[in-house]
Every structure is written in structure tokens, then in C-alpha cells.
Amino acid sequence: MNINLVIRKAVVSDINDILQIEHASFQVDCFSKGQFKYLLSHAIFYVAENNKKILGYYILLTKRRSKKVRLYSIAVHPNARGKNVGQVLMYHLLNIAKEMHYPCVSLEVRENNSQAIQLYKKFGFVENGIKTNYYIDGANALIMHCYLNEKD
Ligand SMILES: CC(C)(COP(=O)(O)OP(=O)(O)OC[C@H]1O[C@@H](n2cnc3c(N)ncnc32)[C@H](O)[C@@H]1OP(=O)(O)O)[C@@H](O)C(=O)NCCC(=O)NCCS
């Protein structure tokens with residue numbers, strides 16, 4: 001499947017497909033159409049597309065004067081999981097962070113989300129603390145950091 005996988009910037013006309021992925025991926029704390037529209041112009045927002053079908057997305061948030069870029073969200077459509085789409089998105093976002101000279105990517109992940117945690121560890125993320133009661137349903141978040149070496 002990777003052969004035809006294209007990673008490109010998200011555009012407004014992608015939002016309905018992204019919303020489908022969102023609702024299929026998260027039980028609570030889903031982004032709304034309005035939030036995605038806002039993020040299109042205020043974040044680094046890419047989609048993975050295969051034969052014109054959107055299979056996944058990621059969003060990076062930057063903050064002025066911060067040394068960290070935040071992986072705000074990443075998701076792959078359930079039908080496309082386990083086929084390396086998540087990995088391709090991770091390679092892409094880490095390269096973008098390196099190109100922007102960020103020394104660190106940070107994220108929060110539900111502490112029981114083993115698929116995502118495995119994916120992050122595979123890309124060098126390490127645990128960096130816990131935020132208790134972080135999600136709307138009271139679940140804790142694991143904080144993870146990936147330290148980037150521009151020479152890699
Ligand atoms: C996490 C997620 C993005 C992974 O996407 P994916 O396309 O299925 O991932 P890949 O096929 O590229 O797999 C990459 C790695 O992720 C991990 N992984 C993926 N599926 C896994 C599973 N079912 N169990 C354990 N690890 C898994 C593995 O480390 C895997 O590497 P490996 O194949 O060498 O073992 C996807 O499961 C998803 O969208 N989940 C719902 C949304 C979500 O939880 N996002 C994270 C919010 S913080």
C-alpha cells in the first residue's frame with residue numbers, strides 16, 4: 001500500500017473524510033468540523049492519501065519561543081491500520097520538525113493506548129511524566145518526548 005501513499009498538506013475539502021477517521025478513531029474528545037477548519041490555518045496539518053482516498057492525518061502545533069513542537073493528533077482509518085500508514089506519517093512529521101530545527105517533539109497519549117505508545121516508542125519517544133485526569137472521561141495521559149538530532 002505504501003507505494004501509492006502520498007503525504008500532502010490538508011485542505012478544506014478533506015475535512016469530511018478527516019472527520020470520518022476522527023469519529024472512527026476516538027470515542028471521546030473528537031475534534032469538530034470547526035476545530036479542524038481552524039487547525040488548517042493555525043497548525044501543521046498533513047494527510048496521507050492513497051489513490052485519492054484519505055487514510056490518515058496528523059497535526060503538529062508550534063508555539064512561539066517554545067523549543068518543543070507538539071504532536072496534537074494522529075489517526076489512521078481503522079480499515080487502513082497495520083499497513084504502515086502510521087509509520088509513514090511519523091517519518092514525515094519528525095522530518096518536518098527537524099527541518100524547522102525543533103530539538104524535541106512532545107505529545108500526550110492515553111496511558112492505555114498501547115498501539116499508539118508502541119508506535120511512538122518505535123520512533124524514539126520516551127516517557128516523560130503523567131498528566132492525571134487529563135481527558136474528559138478522567139483518563140490519565142502519558143507525556144512522551146522525542147529528542148531530535150539534526151545529524152540523523
Ligand atoms: C496508532 C495508529 C495511528 C497506528 O497507525 P497504523 O497505520 O495502524 O500503524 P502502522 O501500521 O504504521 O504500525 C506502526 C507501528 O505501530 C505499532 N502498532 C500498530 N498497530 C499496533 C497494534 N495493534 N498493537 C501494537 N502495536 C501496534 C507497532 O509498533 C507498529 O510497528 P510494527 O508493525 O513494526 O510492530 C492507529 O492505530 C490509530 O489511528 N489509532 C487510533 C487513533 C489514536 O489512538 N491516535 C493516537 C492518539 S495519541
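# A tour from tyrosine 120 through the sheet to the ligand

Select tyrosine 120 first: leaving out residues up to four places away in sequence, tyrosine 120 touches Leu107, Val109, Phe125 and Met144. The model is a predicted one, so read each stop as a description of a prediction. Tyrosine 120 belongs to helix 4. Is tyrosine 120 buried or exposed? Tyrosine 120 is buried, because 24 other C-beta atoms lie within 10 Å and 20 or more is the cut-off for that class. For a distance check, draw a line from tyrosine 120 to valine 69: the two are 51 residues apart in sequence and 15 Å apart in space, C-alpha to C-alpha.

**Helix 4 and the strands under it**

Now show helix 4 as a whole, residues 114-122. Helix 4 lies across strand 5 (104-110) and strand 7 (141-147). Relative to strand 5, helix 4 runs at about 160°.

**The sheet**

Colour the strands next. In which order do the 7 strands of the open sheet lie? The order is 1-2-3-4-5-7-6, and the pairing is mixed. The edges are strand 1 (5-9) and strand 6 (126-131), each of which pairs on one side only. From one strand to the next, the twist averages 25°. Strands of a sheet pair through backbone hydrogen bonds, either parallel or antiparallel. Both arrangements can be found by moving from strand 3 to strand 4 and then from strand 4 to strand 5.

**Strands 3 and 4**

Zoom in on strand 3 (residues 53-61) and strand 4 (residues 68-76). These two run antiparallel and are joined by 6 bridges. Two pairs are worth selecting here: tyrosine 57 stands opposite alanine 75 in strand 4, and glycine 56 stands opposite valine 76 in strand 4. Follow the chain round the turn: strand 3 and strand 4 form a hairpin with 6 residues between them. In that turn, select arginine 65, which has a positive phi of about 70°.

**Strand 4, helix 3 and strand 5**

How many bridges join strand 4 to strand 5? There are 3, and these two strands run parallel. To see one facing pair, select lysine 68, which stands opposite cysteine 104 in strand 5. Then add helix 3 (residues 85-99) to the view: strand 4, helix 3 and strand 5 make a right-handed β-α-β unit.

Pause in the loop between strand 4 and helix 3, where asparagine 84 lies. Asparagine 84 has a positive phi of about 75° although it is not a glycine. With 16 other C-beta atoms within 10 Å, asparagine 84 is partly exposed.

Continue into helix 3 and select leucine 89. Leucine 89 is buried, with 24 other C-beta atoms within 10 Å. Which residues does leucine 89 touch, not counting residues up to four places away in sequence? They are Ile7, Ala48, Gly56, Tyr58 and Ile74. One of these contacts, Ala48, makes a useful distance check: leucine 89 and alanine 48 are 41 residues apart in sequence and 7.1 Å apart in space, C-alpha to C-alpha.

**Helix 1**

Go to helix 1 (residues 15-25) and select isoleucine 18. Isoleucine 18 is buried, with 24 other C-beta atoms within 10 Å. Neighbours within four places in sequence aside, isoleucine 18 is in contact with Ala10, Phe36, Val47, Ile54 and Tyr57. Tyrosine 57 is also the residue that stands opposite alanine 75 in strand 4. Measuring from isoleucine 18 to cysteine 30 gives 11 Å, C-alpha to C-alpha, for residues 12 apart in sequence.

**The loop between strands 6 and 7**

Select asparagine 133, in the loop between strand 6 and strand 7. Asparagine 133 is not a glycine, yet has a positive phi of about 55°. Buried or exposed? Asparagine 133 counts as exposed, with 10 C-beta neighbours inside 10 Å.

**The ligand**

Finish at the ligand. Of the 19 residues around the ligand, Arg81, Gly86, Gln87, Gln118 and Leu119 come nearest. Strand 4, helix 3 and helix 4 are the elements that give two or more residues to this shell. Which element supplies the largest share of the shell? Helix 4 does, with 6 residues. By class, the shell has 7 nonpolar, 9 polar and 3 charged residues. Helix 4 is also where the tour began, with tyrosine 120.

Technical notes:
Residues are numbered from 1 along each chain as its sequence is written. This is a predicted model: local features need pLDDT of at least 70, side-chain atom pairs count only at pLDDT 80 or more; totals for chains, interfaces and linings use all residues. Two strands pair if DSSP finds at least two bridges between them. Helices (H or I, at least four residues) and strands (E, at least two) are DSSP runs, numbered from the N terminus. Axes are lines fitted to C-alpha atoms, for helices over the stretch in contact, and angles run from 0 to 180 degrees between N-to-C directions. Two residues are in contact if their C-beta atoms, placed from the backbone, lie within 7 Å. A crossover is right-handed if, with the strands pointing away from the viewer, the path from the first strand over the helix to the second runs clockwise. A residue is buried if 20 or more other C-beta atoms lie within 10 Å of its own, exposed if 12 or fewer, and partly exposed in between; C-beta atoms are placed from the backbone. A residue is near a molecule or strand if its C-beta atom, placed from the backbone, lies within 6 Å of it. Ala, Val, Leu, Ile, Met, Phe, Trp, Tyr, Cys and Pro count as nonpolar, Asp, Glu, Lys and Arg as charged, and the others, Gly among them, as polar.
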